[in-house]
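Got your viewer open and your mouse ready? Let's take a walk through this protein, one selection at a time.

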Amino acid sequence: MSFWSNPLIAWTEKGLYCQAGDFYIDPHRAVDTALITHAHSDHARRGSKKYLCTSSGLGLLKSRLGKSIQAEGIPFQQSFQLGNVKVSFHSAGHILGSAQVRVECGSEVWVASGDYKRDPDPSCEPFESVPCHTFITEATFGTPKYQWKKDSRHGKDIFDWWMENAEAGRNSLLFGYSLGKAQRILAELAPYAKRPILIHDSVVDLTECYRREGRILAATEKLSARVAAGEMAEGELLEGELLLAPPSILKDGWIDRLGDYRTAFASGWMVRSSGGSYGRGSYDHGFVISDHADWNDLNQTIDDCGAERVFVLHREGRLIQHLRKRGLDAHPVSSLTMENYPRLGGLNLRLF
Ligand SMILES: [Zn+2]
Ligand SMILES: [Zn+2]
């Protein structure tokens with residue numbers, strides 16, 4: 001095993017930085033050139049001079065950061081030159097347009113994964129495995145406790161829950177993140193839903209971005225418009241409807257007039273060690289729907305990419321231990337600094 005003496009991508013106080021190409025990946029602060037893996041707020045931040053992302057993720061990025069940002073969308077797998085390196089985006093399967101970033105310099109290839117998942121998701125492009133020498137992986141669910149069932153039929157499960165509630169005259173309140181999770185739920189429900197799903201205002205624009213990219217989603221109506229119309233009329237505000245919204249709507253004044261309802265949360269955090277789901281906190285039900293790789297898929301991805309060295313972001317302890325036992329050169333991303341990199345060993349080539 002041998003590595004270049006300088007890291008192709010280093011961990012800095014502004015985030016992952018590629019010196020040879022002079023750009024950052026998902027920087028924490030404003031920089032000149034920011035490559036953005038996807039539009040979630042912990043990855044896409046305001047203030048940078050120039051943004052590069054995927055073509056299908058560009059609408060979402062602008063919806064989040066503002067129309068006036070200087071941003072360019074580049075198709076998946078199309079390589080482009082930045083400084084001394086060749087860069088390309090490869091699907092991460094996390095949300096629409098989410099990317100892994102492949103960086104090539106000389107004979108060395110590094111990949112920074114961003115958030116990713118391998119489960120099928122009708123709302124976004126499928127995950128692509130990208131061969132590399134060094135892999136920087138996120139590991140939100142990097143412990144063996146998190147393993148999802150792979151046979152789950154999310155659309156049918158949610159639809160059945162909705163119908164069961166509707167038959168009892170109850171509304172169904174389903175909570176999930178407004179970007180990614182909400183649109184995935186709408187895509188999963190598309191073959192089943194027979195009437196529009198009521199979506200919160202915060203979900204409306206993002207959902208339109210998905211439709212503009214050709215994603216097939218269940219029909220929707222703006223929740224606030226239906227509530228306003230219902231407030232004019234007598235009796236219960238809504239009956240037998242599915243509402244897709246953030247949990248904060250429970251504090252809205254009109255909720256007292258909603259009539260009977262049940263709540264559920266859709267998230268990977270809903271998993272129980274037995275593999276089943278449970279209603280967490282004050283929710284009546286939990287759907288285990290994750291937009292991140294589980295323990296098995298993290299390991300599968302690391303195997304597939306063939307990397308000799310792996311740097312792990314978030315929850316790194318268990319995964320690093322496990323990878324080292326399997327003979328891989330694994331480290332927390334915090335050790336990927338310019339100063340520390342030579343101490344990791346195995347260096348006998350010069351990059352610059
Ligand atoms: Zn994300
Ligand atoms: Zn993230």
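**Stop one: two domains**

Start zoomed out: the C-alpha centres of domain 1 and domain 2 lie 32 Å apart. Keep in mind that you're looking at a predicted model. To colour the two parts, select 3–146 + 292–349 for domain 1 and 154–287 for domain 2, following the domain assignment of the protein chain. Where they touch, domain 1 puts in 15 residues and domain 2 puts in 16 residues. What classes of residue are on the side of domain 1 that touches domain 2? That side has 7 nonpolar, 6 polar and 2 charged residues.

**Stop two: an open sheet**

Now pick out the strands β2 to β7. These 6 strands make an open sheet in the order β2-β3-β4-β5-β6-β7, and the pairing is mixed. Which strands stand at the edges? They are β2 (10–12) and β7 (71–74); each has a single partner strand, so one side of each is left without a neighbour in the sheet. Turn the view a little: on average, neighbouring strands of this sheet are turned by 30 degrees against each other, direction ignored.

Zoom in on β7 and select strand β6 (residues 50–54) along with it. The two run parallel and are joined by 4 bridges. For one of these pairings, click Thr54, whose bridge partner in β7 is Ile74. Next, show helix α1 (residues 58–65), which lies across β6 and β7 and runs at about 160 degrees to β7.

**Stop three: two loop residues**

Select Asp26, in the loop between β4 (23–25) and β5 (33–35). Asp26 isn't a glycine, yet its phi is positive, at about 45 degrees. Is Asp26 buried or exposed? It counts as buried, because it has 21 C-beta neighbours inside 10 Å, and the cut-off for buried is 20 or more.

Then hop over to Gln77, in the loop between β7 and β8 (80–82). Gln77 also has a positive phi without being a glycine, here about 70 degrees. With 13 C-beta neighbours inside 10 Å, Gln77 counts as partly exposed.

**Stop four: parallel strands further along**

Finally, select strand β13 (residues 171–175) and strand β17 (residues 261–266). They run parallel, with 5 bridges joining them. Click Phe175 and look across to Phe265, its bridge partner in β17. Now add strand β18 (residues 285–287), which pairs with β17 in the parallel sense over 3 bridges. To see one pairing there, find Ala266 and its bridge partner in β18, Phe287.

Methods
Residues numbered from 1 in each chain as written. Chains lettered and ligands numbered in written order. Predicted model: local features only at pLDDT ≥ 70, side-chain atom pairs only at ≥ 80, totals over all residues. Domains from an automatic or database assignment. Contact = placed C-beta atoms within 7 Å. Nonpolar A, V, L, I, M, F, W, Y, C, P; charged D, E, K, R; others polar. Pairing = 2+ DSSP bridges. Axes fitted to C-alpha atoms, helices over the stretch in contact; angles between N-to-C directions. Buried ≥ 20, exposed ≤ 12 C-beta atoms within 10 Å, placed from the backbone.
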